[in-house]
Amino acid sequence: MAVGTAMFPYGIPPITPVDQAQIWPGSGPMRTLPSLAPDGPAGAEAVNDQARAGGWAYDGDPYDGAGAPHPVIWTCALG
């Protein structure tokens, strides 16, 4: 199991998506973890044995000054 962030250079959505937190269960495809807002980036930094992923997410678009960062724990990352 692993987590990380799919990082994209900032552009105007939907042409360029914002950074996305992702989890990989060990086989099969990566899964995107939800952000706090549709236009808010998110990143995953750690995962434990119960598939709880920790990281950060913005509650809006940080590039236009509307979003603020928050710590996040995804408790149902794989389930």
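Colleague: What share of the exposed area do carbon and sulfur atoms supply?
Modeller: This is a predicted model: local features need pLDDT of at least 70, side-chain atom pairs count only at pLDDT 80 or more, and totals for chains, interfaces and linings use all residues. Residues are numbered from 1 along each chain as its sequence is written, while side-chain values use heavy atoms, leaving out hydrogens and water. Areas come from the Shrake-Rupley method with a 1.4 Å probe; for residues, only the protein chains shown count as cover. The protein exposes about 4800 Å², and carbon and sulfur supply 59%.

Colleague: What percentage of the residues count as buried?
Modeller: Buried means under 20% relative accessible area, exposed means over 50%, and partly exposed lies in between (1.4 Å probe, protein chains only). The protein has 79 residues, and the buried part is 34%.

Colleague: How many strands does the protein have?
Modeller: Helices (H or I, at least four residues) and strands (E, at least two) are DSSP runs, numbered from the N terminus. Along the sequence the pattern reads β-β-β-β-β-β. There are zero helices, and the strand count is six.

Colleague: Which strands stand at the edges of the open sheet?
Modeller: Two strands pair if DSSP finds at least two bridges between them. The open sheet has three strands in the order S1-S2-S3, paired antiparallel. Two of them have a single partner strand each, so one side of each lacks a neighbour in the sheet: S1 (2-6) and S3 (31-32).

Colleague: Which residue in S3 is the bridge partner of Ile23?
Modeller: S2 (residues 20-24) pairs with S3 over two bridges, in the antiparallel sense. In S3, the partner of Ile23 is Arg31.

Colleague: How many residues make up the largest nonpolar core?
Modeller: Such a core is a set of buried Ala, Val, Leu, Ile, Met, Phe, Trp, Tyr and Cys residues joined through side-chain atoms within 4.5 Å. Its members include Ile23, Leu33, Val72 and Trp74. S2, S4, S5 (53-58) and S6 (69-74) each supply at least two of its residues. In all, the core residues number nine.

Colleague: How far apart in space are Val47 and Ile23, C-alpha to C-alpha?
Modeller: Val47 is in strand S4 (residues 42-47). Beyond its neighbours within four places in sequence, Val47 has contacts (heavy atoms within 4.5 Å) with partners including Ile23 and Arg52. Val47 and Ile23 are 24 residues apart in sequence, and their distance in space is 8.5 Å.
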